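Q: Please take a close look at one part of this model and at how that part packs. Set it in the context of the whole chain, and state any cut-offs you use.

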Amino acid sequence: MIDKDMKVNKYIGVMMAATLLAASSCTDFDDYNEVPMDVNATADNTLWENISQNGNLSNFQSIIKKVGFDAALQQSHFYTVWAPLDGTYDANALLNQDDATVLYRFVKSHVAEYNHLVSGSIDERVHALNDKSFLFEGNGTYKYADVDVAQTNLPSINGVIHTLQGAATFYPNIYEYIFQREGIDSLEQYFKKYENVYLDESNSVVGPTVNGKQTYIDSVMITTNSLYGSLNARIAHEDSSYTMIMPTNEAWMKAYDKVKPYYNYIQTTIAQDVDAAVSATSVPSTTVTIDNVYMADSLTKRSIINNLVFNNNNEYNRWVEDPTAIYTDTLRTTTRNMLSNPQEILAQTKDKERMSNGYARIVDSLAILPWEGWAPELVISPIGRSVTWNGSNHIVQVNNPDPTKGTFEYGYISYLWVEPTSNYSKPELDIKLPGVLSTTYNLYCVIVPPNVDPTDTLTEVRPNQLNFDLSYCNEKGALQQTWTGTNHTTTTSAHFAKQLVNDTSKVDTMFVGTIKFPIAYLGLGEKMYPNLKITTDFSVFSPLMKTYTRDLRIAAIILKPVEKDEYQATKEE
């Protein structure tokens with residue numbers, strides 16, 4: 001509390017400090033600690049004394065006293081107070097609420113650090129003590145948080161008071177709203193697991209020491225959540241702008257039941273360890289043991305969360321709140337997922353609520369396409385993810401590929417060229433398939449003809465005749481090299497399809513077969529993956545040697561979820 005006998009000296013000292021600051025700096029902070037020079041009775045009182053003695057602020061006084069903030073307004077700490085006049089807001093409702101809520105949502109919305117004086121034209125964003133951001137603006141007449149200012153620049157020894165014709169509206173930020181909104185308990189419980197709350201001692205107002213322990217008149221608590229980083233979304237930050245889709249409990253459970261089958265794990269998973277193989281036919285195995293129930297539950301929930309937050313300032317998302325924006329057909333999540341059906345996703349909104357840092361949309365259903373949200377198409381380059389037998393590897397990048405051979409997304413094409421080590425060797429290639437989920441994929445192999453490079457006029461262009469074998473773990477934890485899908489040549493075979501031949505007139509994305517993986521591999525470590533083996537079927541003494549090449553030129557293996565292929569087929573009809 002400020003000593004009454006020292007008020008004048010304190011006032012003069014503060015003015016001298018402010019003068020020195022003004023002489024040495026031209027920053028926006030020049031006026032923060034200056035007390036107005038108006039000569040009237042209020043200048044010798046503390047903020048609390050002036051509020052207490054103002055007959056038009058009796059309700060505001062009662063509320064401040066109730067929540068215990070009066071002590072802070074008597075300290076030698078500079079504040080600006082925007083005080084709502086009696087009769088301009090529902091004070092009784094506030095007096096009947098719990099103290100912590102009223103202190104945070106109401107009192108601290110009307111108090112800010114430093115002196116925010118009114119003079120001429122102003123247009124500033126005020127950060128109140130609860131970290132909410134309110135616009136303070138005007139020229140001759142003024143508004144705070146869109147509420148008319150009745151009287152300005154009422155000076156006190158430790159700050160200034162402006163009176164208001166009403167109360168500032170409190171908007172929670174998106175993070176706060178998760179814990180306030182009824183009916184979204186599943187979402188709340190998930191975020192709560194990763195929350196950490198601690199005292200910000202440097203910004204708290206120190207009180208007396210009691211029984212050897214430091215107390216605080218005004219405690220500033222900081223809430224952090226480790227999900228902010230993984231989601232790339234600071235949804236508790238007041239200077240950000242996000243839209244968050246918040247599923248009701250019913251919507252959460254429907255999404256959970258839809259997503260979980262993609263994350264079917266078993267306790268012990270086995271895989272071929274091709275890096276440790278001593279030959280193409282002698283490949284050791286490796287295993288990993290996990291808490292499969294926890295793993296499935298954790299990744300299922302994370303997959304749901306990853307698709308709920310959108311940065312309103314991202315060019316793909318501006319159209320949601322700004323109808324003049326260019327993009328209208330895509331949403332980009334903060335985890336960089338591109339969602340191509342935004343109208344359908346947003347159409348599930350049952351309530352749209354304004355937040356202090358964006359908007360919350362309460363939805364009864366999540367209309368996210370699986371291959372865009374949690375089960376993506378896997379495009380796997382053999383470069384760095386394969387082991388070669390009976391051949392030597394070359395990494396080839398064609399910077400100006402022949403446009404008649406296909407379209408090239410990046411303006412160039414890269415591929416792995418496996419060259420036979422002798423005139424009679426047949427290269428074999430084991431390709432690791434990381435990130436596989438327990439779902440059904442259509443498998444494609446992208447094969448490149450040598451003349452995709454128009455400068456190569458010497459290499460003889462012949463097609464490949466290839467076999468594809470797949471090794472993966474079944475639900476019982478055993479290696480399996482058979483499959484139960486169907487394709488254009490065979491069923492229930494040790495091979496997807498025998499003697500597949502590529503089209504040399506183009507970069508051929510050749511369909512190999514359909515495979516349903518019974519268990520997921522994602523998150524099990526770098527050694528856990530299905531293994532795709534590519535071989536040439538004919539004998540090196542066969543006349544077919546003149547028809548087909550033994551060289552392998554492979555740009556990618558593609559695992560496309562069957563449901564994506566089916567969806568795209570319906571769109572093309």
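A: Helices (H or I, at least four residues) and strands (E, at least two) are DSSP runs, numbered from the N terminus. On that basis the protein chain has 13 helices and 31 strands. The model is predicted, so local features need pLDDT of at least 70 and side-chain atom pairs count only at pLDDT 80 or more, while totals for chains, interfaces and linings use all residues. Residues are numbered from 1 along each chain as its sequence is written, and side-chain values use heavy atoms, with hydrogens and water left out.

Of the 573 residues in the protein chain, 49% are buried (under 20% relative accessible area; exposed is over 50%, partly exposed in between; 1.4 Å probe, protein chains only). Among contacts (heavy atoms within 4.5 Å) between residues at least 6 apart in sequence, 71% join residues at least 24 apart.

The part chosen here is helix α7, residues 185-192. Its buried residues are Ser186, Leu187, Tyr190 and Phe191. These four lie on the same side of α7, because they cover an arc of only 130 degrees around the axis (taken from the directions from the helix axis to the C-beta atoms).

The partner to consider is helix α10, residues 292-305. The axes of α7 and α10 come within 12 Å and cross at roughly 110 degrees, which makes α7 roughly perpendicular to α10 (65 to 115 degrees). On the α7 side, Leu187, Tyr190 and Phe191 take part in the contact, and they meet Lys301, Arg302 and Ile305 of α10. The residues of this contact divide into 4 nonpolar, no polar and 2 charged. Leu187, Tyr190 and Phe191 are thus both buried and in contact with α10.

Elsewhere in the chain, 7 strands form an open sheet of mixed pairing, in the order β2-β1-β7-β6-β5-β4-β3. β2 (111-113) and β3 (121-127) stand at the edges with a single partner strand each, so one side of each is left without a neighbour in the sheet. From one strand to the next, the twist averages 25 degrees. Within this sheet, β5 (residues 141-144) and β6 (residues 147-156) pair in the antiparallel sense over 2 bridges (pairing needs at least two DSSP bridges). Tyr144 stands opposite Val147 in β6.

A loop residue completes the context: Gly406 sits between β22 (391-398) and β23 (413-420). Gly406 is partly exposed, at a relative accessible area of 28%. Gly406 and Ser505 are 99 residues apart in sequence and 9.1 Å apart in space, C-alpha to C-alpha.

Key. Axes are lines fitted to C-alpha atoms, for helices over the stretch in contact, and angles run from 0 to 180 degrees between N-to-C directions. Angles under 35 degrees count as roughly parallel, over 145 as roughly antiparallel, 65 to 115 as roughly perpendicular and the rest as oblique. Ala, Val, Leu, Ile, Met, Phe, Trp, Tyr, Cys and Pro count as nonpolar, Asp, Glu, Lys and Arg as charged, and the others, Gly among them, as polar.
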